[in-house]
Amino acid sequence: MLNNKTILITGGTGSFGQKFTEMVFKRYKPKKVIIYSRDEYKQFLMKQKFPSYKKNIRFFIGDVRDKERLYRAFNGVDYVIHAAAMKQVPACEYNPFEAIKTNIHGAQNVIDAALDRGVKKVVALSTDKAVNPINLYGGTKLVSDKLFISANAYSGGEGTRFSVVRYGNVAGSRGSVIPFFKELIEKGKNKLPITDFRMTRFWITLEQGVELVFKAIEESKGGETYISKIPSFKIIDLAKAMNPKVILEEVGIREGEKLHEVMITKDDSRMTYEYENHYIIYPHFDWWSSERYFTNGGKPIEEGFEYNSGTNSEWLDVEDLRRLLTELDMMPNVQEYIGEVAVTK
């Protein structure tokens, strides 16, 4: 599928881009992987991480806000993975115009460049926060998702195909709760702040996220939104898994934060099909009325279904979380737990 192909990743120095690069070279023999991002130092660090593939990796300094640079970068590219975004909720709230420039105008620039340069497929990464958004970040990603889905109307019968992959906070990624808890525990803190004891989240690893992108590249016909079938967990159970004797302090939900993650709304259920390991939300386009556009092997889900981390059918308990954290090398680096305090090595 990706053998002898050129792939470009916007925001490629991030957690997803680095894992995608690692996995794509292990599984395929791409002609070239282009890392497109703004930070030259992060590109320098990433270059040191993949010395074996230096002949097949290119690093382009560029911003998705810069359409001319995207046009140059997309020359000869077969597939684009759009991972660049302003992701921090507080930063987006405080800098709303900048969030719009990157997350919305940047998405439109990627679409225009892909259409005009003849890119075969574009897969855009989305987030649970784009579903029923309550903060600016989620609002900008909702618009971005709609742009990528509707962009298929511009591509014609044989042009660029656009699809979306949606998932929540990735386990252990930058800005997620696991490294935050890990740092506090390793510093010997005897309390962990929990915004709300009822809070739940979906569990997905970077590997699972990359696998879903591979599937979208392989199968998508244009307009689909892919969502992994993954387990849920309680934030309090995560804290207990990382330190069973820690004191949990409820501090209140932050502005723009949700109690539960939602991946599929009840309204979306009418166009959602279930597969063995994922769901696909199909677009409400006239040209999707023909069954030939649907991926084989799926079945329509019941109308009114909502994919919500708080009502999920699959759950991880404390022991499950401890095992997964250990496998991913995300457990705190502590020697022993004494009383209520984790004593660091």
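Start by selecting residues 7-281, the stretch where an unreviewed UniProt entry places the feature "domain: Polysaccharide biosynthesis protein CapD-like". Keep in mind as you look around that this is a predicted model. Colour the selection by secondary structure: over residues 7-281, the chain is 40% helix and 22% strand. Now click on the C-alpha atoms at the two ends of that stretch, and you'll find them 25 Å apart.

Next stop, a pocket. Rolling a probe the size of a water molecule over the atoms shows where empty space is left. Select Leu 142, Lys 146, Arg 166, Asp 268 and Ile 281, which lie nearest the centre of the second largest pocket. This pocket holds about 380 Å³ of space, and its lining is made up of 19 residues. What mix of residues lines it? Eight are nonpolar, six are polar and five are charged. Now highlight residues 136-150, which form helix 6: this helix gives the largest share of the lining, five residues.

Leave helix 6 on screen and add helix 5, residues 96-117. Two packed helices are described by the angle between their axes and the distance between the axes. For helix 5 and helix 6, the angle is about 10° and the axes are 9 Å apart. That is why helix 5 counts as roughly parallel to helix 6. Helix 5 passes helix 6 in a right-handed crossing.

For the last stop, select helix 8 (residues 177-186) and helix 10 (residues 235-242). They pack with their axes 11 Å apart, at an angle of about 40°, so helix 8 and helix 10 are oblique to each other. Their crossing is right-handed.

Definitions and conventions. Residues are numbered from 1 along each chain as its sequence is written. This is a predicted model: local features need pLDDT of at least 70, side-chain atom pairs count only at pLDDT 80 or more; totals for chains, interfaces and linings use all residues. Side-chain values use heavy atoms; hydrogens and water are left out. UniProt positions are given in the numbering used here, feature names are shortened, and annotations may be inferred rather than shown by experiment. Helices (H or I, at least four residues) and strands (E, at least two) are DSSP runs, numbered from the N terminus. On a 1 Å grid over the protein atoms alone, a cavity is a set of points where a 1.4 Å probe fits but cannot get out, and a pocket is an open set with protein on both sides within 12 Å along at least five of seven lines; lining residues have an atom within 4 Å of a point. Grid points are joined across faces, edges and corners, and a volume is the space filled by probe spheres set on the points. Ala, Val, Leu, Ile, Met, Phe, Trp, Tyr, Cys and Pro count as nonpolar, Asp, Glu, Lys and Arg as charged, and the others, Gly among them, as polar. Axes are lines fitted to C-alpha atoms, for helices over the stretch in contact, and angles run from 0 to 180 degrees between N-to-C directions. Angles under 35 degrees count as roughly parallel, over 145 as roughly antiparallel, 65 to 115 as roughly perpendicular and the rest as oblique. A crossing is left-handed if the near helix is turned anticlockwise from the far one by less than a right angle, and right-handed if clockwise.
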